[in-house]
Amino acid sequence: MLDLQALRNDLDGVAIRLATRGYLLDTIRFEQLESARKTIQTRTQELQAKRNATSKQIGMGKAKGEDVSAIMAEVAGLGDELKELEAQLEHVQQDLQDFLSVIPNTPHISVPTGKSEADNVEIRRIGSPPEFDFEVKDHVSIGEGLGGLDFETATKIAGARFSLLKGPLARLHRALAQFMLDTHTEQHGYTETYVPYLVNADSMRGTGQLPKFKVDLFGTLDHGNFQITDTELLNEIRQQANSKDEHEIFNGLDKFIEARRGLYLIPTAEVPVTNMVRDSITPLEKLPLKFVAHTPCFRSEAGSYGRDTRGMIRQHQFDKVELVQIVHPEQSYDALEQLLAHAETILQKLALPYRVMKLCTGDMGFSAAMTYDIEVWLPAQNAYREISSCSNFEAFQARRMQARFRNEQGKPELLHTVNGSGLAVGRTLVALLENYQQADGSVVVPEVLRPYMGKLEYIRAS
């Protein structure tokens, strides 16, 4: 969430910065809300001052034995108006919070201005794409040929955009996650965490998934221990709306469902890990905090209809090893570079060709102030594809979470949060299958993974 004072002090400047990322800030609406807030607060202060002065009059009158009933009635009237103003102020402040909650972060000054991924800037390339003297296959053909990748059964079980791994490919998937965790904990100093895969709405709001990306999330409805049918749900909605008017009922549907919503499946481990510091004050000497977690991730991919429908590139369920750093504000951009290097290390150890891209303003995620994407080479697509996204959110998430530390003067101050994939496990598996494929359909197991694979050197069709 943006700093409210920044909007109050430099509304036009913030609007200009947000416009570089394609967001049109409704400055008129903000000014209306601010005007309403100021009016109510000014009137409240006037009434409070008047009540205090009148209360003194009552005390003095009683001391003199005078009739103060009229003055007391006036004070009672002031109290009623103050209560009404308090309710109005609460309403305006909630409107202001709702307004702020959907505004993206302002980009760092060094972020290149652009509208789409075409305007991203390449920082470096590491490794050269392999050359093949046979027809290159994609990971789907390779995996199915090995008997270890089964989309048909996955679709029968769950539907489209799910995959099922078997045998050595399932073990390779597990080996990758273990290798990543070992590298980040033993060589990069991260603390391994095991976190909930279901989180509450406050956690989703804290890292910026709610309310902006509600449509992309998988959520549960809390109906206690009972199953509920559509008819029963409709009856409950009708009862809540206290009306038989279907139009009125369904107008209140979204609010009712939100009130009954239970938990959300995590779209990334960033959510539970970063929320570890929500509503808390971290001692200065504890910084930086560095966490790593391997979790499944769940995304509806509502905004990606028709994209990457073949294979494992874009799935509803996928695994990721996530890196999170909670740092002092003065150190967050150094932390971003460090975290980026840690993610790159995995690809270097696996000898996979990749490049690093600095995202432009129009291609960054909602909460990010600066983002680097790592893109791995996929021979079958003859292209680099994203395998990690590393971002500095500055205080944007911390402000939503009220995640703070005590600064050098002992005063609470907002933390900065940094995170990135280290790496996406499924996409790393895809890259291995395609870059290490052999003419006979087998796949070479990279040397660093062989200790996790029972010293297996090749994966062949069983």
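The crossing of α7 and α15 is right-handed in this predicted model. The axes of α7 and α15 come within 10 Å and cross at roughly 115 degrees. From α7, the residues L169, L172, H173, L176, A177 and M180 take part. They meet V425, G426, T428, L429, L432 and L433 of α15. This contact of α7 with α15 has nine nonpolar residues, three polar ones and no charged residue.

Helix α7 spans residues 167–186 and also packs against α13, residues 332–349. Here too the axes come within 10 Å, and the crossing angle is roughly 130 degrees. Helices α7 and α13 are therefore oblique to each other. Their crossing is right-handed. On the α7 side, F179, M180, T183 and H184 make the contact. On the α13 side, the partners are H342, A343, T345, I346 and K349. By class, the contact of α7 with α13 divides into four nonpolar, four polar and one charged residue. M180 of α7 is listed in the contact with α13, and M180 is listed in the contact with α15 as well.

**Pockets**

The two largest pockets are set out below.

| Pocket | Volume | Lining | Nonpolar / polar / charged |
|---|---|---|---|
| Largest | about 1700 Å³ | 50 residues | 15 / 18 / 17 residues |
| Second largest | about 490 Å³ | 18 residues | four / five / nine residues |

In the largest pocket, R299, R314, G365, E386 and S389 lie nearest the centre. Several strands contribute at least two residues each to the lining: β8 (317–327), β9 (354–358), β10 (370–378), β11 (383–392) and β14 (416–424). Helix α15 (425–435) also supplies at least two. Which element gives the largest share of this lining? Strand β11 does, with seven residues. Helix α15 thus has two roles in this account: α15 contributes to the lining of the largest pocket, and α15 meets α7.

The second largest pocket has D98, S101, R205, L210 and P211 closest to its centre. Helices α4 (69–101), α8 (201–207) and α14 (396–401) each supply at least two lining residues. Helix α4 gives the most, with four residues. Nine residues of this lining are charged.

**Backbone features**

Most residues other than glycine have a negative phi, and most peptide bonds are trans. Three places in the model depart from that pattern.

Where does the first cis bond sit? The peptide bond from L210 to P211 is cis, with omega near 0 degrees. P211 lies in the loop between α8 and β4 (219–221). Both L210 and P211 are among the residues closest to the centre of the second largest pocket.

A cis peptide bond also joins L287 and P288, with omega about -5 degrees. P288 is placed in the loop between β6 (280–282) and β7 (289–298).

Q402 is not a glycine, yet Q402 has a positive phi of about 55 degrees. The loop that holds Q402 runs between α14 and β12 (403–406). Helix α14, at one end of that loop, supplies at least two residues to the lining of the second largest pocket.

Definitions and conventions:
Residues are numbered from 1 along each chain as its sequence is written. This is a predicted model: local features need pLDDT of at least 70, side-chain atom pairs count only at pLDDT 80 or more; totals for chains, interfaces and linings use all residues. Side-chain values use heavy atoms; hydrogens and water are left out. Axes are lines fitted to C-alpha atoms, for helices over the stretch in contact, and angles run from 0 to 180 degrees between N-to-C directions. Angles under 35 degrees count as roughly parallel, over 145 as roughly antiparallel, 65 to 115 as roughly perpendicular and the rest as oblique. A crossing is left-handed if the near helix is turned anticlockwise from the far one by less than a right angle, and right-handed if clockwise. Contact means heavy atoms within 4.5 Å. Ala, Val, Leu, Ile, Met, Phe, Trp, Tyr, Cys and Pro count as nonpolar, Asp, Glu, Lys and Arg as charged, and the others, Gly among them, as polar. On a 1 Å grid over the protein atoms alone, a cavity is a set of points where a 1.4 Å probe fits but cannot get out, and a pocket is an open set with protein on both sides within 12 Å along at least five of seven lines; lining residues have an atom within 4 Å of a point. Grid points are joined across faces, edges and corners, and a volume is the space filled by probe spheres set on the points.
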